[in-house]
Amino acid sequence: MNRILLIIGLSLAVFTGFAQFPGAGARGGAGNQNMNIGHFYGKVVDSKTNKSMEGVTVQLRGNKFDTATKKMKEVVLGTVITKANGDFSFESLAIFGNFKLKLSTLAYKTLDQTISFGIKMPTAGGGANMQQMLGMADKDLGNIKLEEDATNLANVTVTASSKPQFELGIDRKIFNVDKNLMGSGQTATELMRNIPALNVDIDGNVTLRNAAPTIFIDGRPTTITLDQIPADIIDKVELITNPSAKFDASGGNAGILNIVLKKNRKSGYNGGLRGGIDSRGMLNGGGDINLRQNKLNFTAVGIYNQRKSISEGITDRNNILTTPSNIYNLQNSINTGYFAFLRGGMDYFADNRNTFSINANYNRGRFDNDQTQRLDSTIKNIPTSYSDINTMSTGNFRNLGTQLSYKHNFAKNGHNISTDYNFNSSSNDNSSNIGNYTFNLNGSPKGLPLLQRGLGDGKTTNSTFQLDYENPLTDDTKFEAGARAAIRNFTNQLNQFRFNPASNQYVLVPFISSRYKYIDEVFAAYSTYSFRVKKWSYQLGLRAESSNYKGTLLNASGADSASFKVDFPLSLFPSAFITYKINDKQDYQINYSRRVNRPNFFQLMPFPDYSDPQNINIGNAGLKPEFTHSFEMSWNNAYKKGSNFLATLFFKQSTNLITRYIYRDANALIPGDSAFFSTFINANSARSFGLELTNKIALTTWWEATVNLNIFNSRINATIAGQPDLIQEQWSWFAKMNNTFKIVKGLSIQLSGDYQARTVLPQGGGGGGGGRGGGGMMFGGGPQSGAQGYNLPRYGVDFAIRKDFTWKKGRTANLTLSMNDIFRTQLFQSYSESSFFNQTAQRRRDPQVLRLNFSYRFGKFDISLFKRKNTKADQSGGMDMMQ
């Protein structure tokens, strides 16, 4: 939001002729006032001893428009005395023109210096990096030395230009979502449906190029799932499809989905309130407040959302056995509950170059699910019986996260060192009651009902230590290095009980209960070297990683009963990024990285999980890590004002792809019977390639459209003992279109739609992060795993309309009305098959939900705090200084 407002301010400057009045602020009018965002700061030291000098008089002079004479006049803009550490600072300055800095004190020669921010006036249609412009508006003058002989330092000049619609960073694609109408009052899951290149299934699981990406928040891993993040607090979404050496090498071949939360460091006080209701009577509300005075900045955000989800589905499964059978399952589910999100933070600006920060967030939620199923059983095409299954379940989750950060800026611009510690603790508990009543065709009971009760809980803690160092060796070269340690502890237990009619009590069934824990440790170090030769920019990186798993099964008393350990040796992961700047509007980039997907605890655990007798899961302790070589070529073209075209061609080659398969074996629950077992193997190889096209275009002054087309092909080859070789290949594509119509001033409409063609079922799903995270079984849900198959085509359209209101003194508000799947066409269907069965499934969830949301903001506008000393406000890639 703040960066968009800065662009608006710069545009106003072009039309008002603000450049004719350098050094001053204002001749009147909001446009000029908004340009007083400049900040000079530095340190005064003795030229011989380099010791800080206290009590030096520092005076800043600049031009200001004299309303009496109607001419420019040089005036004193400010005078300060250096502190004990030699620091001085001038704020709220105009960003154009030259200034004169004068330093004087007893026993030292007076020093006069001409300085400037070096920001050029923006040109129509020009494309550059707004992050660089924001950096130039915050100028560190370095250590200024005073000595007996006067030394006039050279003029300070830096160049910058305006921001394109799409930023093609050195290792990411950035999509601003803070004004997306469909996200109002919803969660990050719904917001992801409008992001180009992302697919979201009916359960909220997010895929990128047909695989699950690792979820980051503000550049760091998290235990929070997407459906626990309010969309209203998200600023932008970064797709890091081919991460550089600076990021974790683990996480599979889908890359990283980085969610950047809104940050507020404006002077004084400001905040907002929001609330809403949907057509199912569910409420949402929240607010935020920011206080900034002197060296302290405090921010707090609170959100409360009620949710009601209604779904229906049909599953038709044919078992291809000696005696063929069929199960037809009709399902209906209502899930109701709430979640609350609290986030607070404080920054302490110790001086111009040292910042300490602490941030914390807390999530709390509860959901109740009421599900009914009707199963019709057929043997040899003859109906035999039917079953009614009723499930009542309750789940609670809690998440606590903290971050401690420190950043030190050296005198040279861009030279810094930062460290942070992240801690996330997530816990959950759940209970369920299942009643399975089977009847003969005439309606009479067939045996006694099967009554089951489940009680479970779990806890996950993530601790991450990170150190990063950046040093721009010259204007055209940059060195980065860092180290990271990540430790994750996971414990879980699920106790399953069955009703015993003889004792009239529920009795624990150990076979279908489970208790386990594991610890996962990853240690890494990286370095990158970036340089530029004329129009060519390069970044070369190398990362070293090692990790280990230790898993333990627990007995009923919580003591260890069986364990296993897998160590993955040190591996090297190179990366290379080459960018060619064709002109101010066009960039071409090619990149490469090596990635790894280490098998997780559940995939390695060699003990069967009988919690779902229909789908018994067992891991494979012999799994090897999956390695992927990833290549990309991108072309970015800001071909006219308000328009941008981005094309990306990608290719991935994987060895030892972790994938599932199904086999049939003896069922320990029922002697003499057999059951299906789902496990994991390493496929021989897998590869995928595709083309992504994204075009944002201003069709008229009132109509903007963003169109995204993805075409891809995937192939997997696997050899399975006792079964035919698994060879699966599929071409597929999907498209998205987002239209924004500005009807009149302050009134806009958003119409978005997507179409998904037939797609191969995603394979594997290893150590990376998924979309929602938690879900029924420990191995996740969705289509029948381990089988070949595909998702059938689907499409949907969403609609939103918003009215904006503006008052004086910085108060604004908006009212948004939205509806998802307005034509009720989002029907998720799949087909899967193996040597033992074939299955079709279809599900529909939450069509045509109407939402009304209101948002109100107060406080004065001031973007002068987007400063270089901010700790983690800029998570940009390694060569942004060269863009």
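Which strand is I358 found in? Hi everyone, let me answer that one straight away: I358 is found in strand β20. Before I go further, please keep in mind that what we are looking at is a predicted model.

Let's stay with I358 for a moment. I358 has a relative accessible area of 40%, and because that value falls between the 20% and 50% cut-offs, the residue counts as partly exposed. I358 also belongs to a nonpolar surface patch of about 840 Å². Its partners in that patch are Y269, L291, L296, F298, M346, Y348, F356 and L404. Where do those residues come from? Three strands, β18 (296-319), β19 (325-351) and β20 (354-379), each supply at least two residues of the nonpolar patch.

Now let me zoom out to the chain as a whole. The chain has five helices and 45 strands. There are 883 residues, and buried ones make up 52% of them. For those of you who like surface numbers, the accessible surface of the chain comes to about 38000 Å², and 56% of that belongs to carbon and sulfur atoms. On contacts, if you take those with a separation of 6 or more, 71% are between residues 24 or more positions apart.

With that background, let's visit two strands. The first stop is β1, residues 36-46, which is mostly covered, with 11 of its 11 residues buried. N36, G38, F40, G42, V44 and D46 point one way from the strand. I37, H39, Y41, K43 and V45 point the other way, and the residues on both sides are all buried. As for its neighbours, β1 runs antiparallel to β4, residues 87-94, and six bridges join them. If you want to find that pairing on screen, look for N36, which stands opposite A94 in β4. β1 also pairs with β7, residues 138-146, in the parallel sense and over seven bridges. There, F40 has K139 of β7 as its bridge partner.

The second stop is β14, residues 234-240. Seven of its seven residues are buried, so β14 is largely enclosed by the rest of the structure. β14 pairs with β9, residues 173-176, in the antiparallel sense over four bridges, and K173 has L239 in β14 as its bridge partner. β14 is also antiparallel to β15, residues 256-261, with six bridges joining the two. In that pairing, I240 is matched with I256 of β15.

Let me finish with two single residues. How buried or exposed is S630? Its relative accessibility is 1%, and since buried means under 20%, S630 counts as buried. S630 is in strand β31, residues 626-640. Its side chain makes a polar contact of 3.1 Å with the side chain of K652. Leaving aside residues up to four places away in sequence, S630 touches N242, N591, Y592, S593, F651 and K652.

The other residue is R660, in strand β33, residues 658-666. R660 has a relative accessible area of 13%, so it is buried too by the under-20% cut-off. Here is a distance to check in your own viewer: the C-alpha atoms of R660 and S678 are separated by 6.8 Å, although the two residues are 18 apart along the chain.

That's my tour, thanks for listening!

Conventions. Residues are numbered from 1 along each chain as its sequence is written. This is a predicted model: local features need pLDDT of at least 70, side-chain atom pairs count only at pLDDT 80 or more; totals for chains, interfaces and linings use all residues. Side-chain values use heavy atoms; hydrogens and water are left out. Patches are made of residues with over 30% relative accessible area and no salt bridge: like charges are joined within 9 Å, nonpolar side chains (Val, Leu, Ile, Met, Phe, Trp, Tyr) within 5 Å. Accessible areas come from the Shrake-Rupley method with a 1.4 Å probe; for residues, only the protein chains shown count as cover. A salt bridge is a side-chain nitrogen of Lys or Arg within 4 Å of a carboxyl oxygen of Asp or Glu. Buried means under 20% relative accessible area, exposed over 50%, partly exposed in between (1.4 Å probe, protein chains only). A polar contact is a pair of N or O atoms within 3.5 Å; within protein, one must be able to donate a hydrogen and the other to accept it, and residues adjacent in sequence count only if both atoms are side-chain atoms. Contact means heavy atoms within 4.5 Å. Two strands pair if DSSP finds at least two bridges between them.
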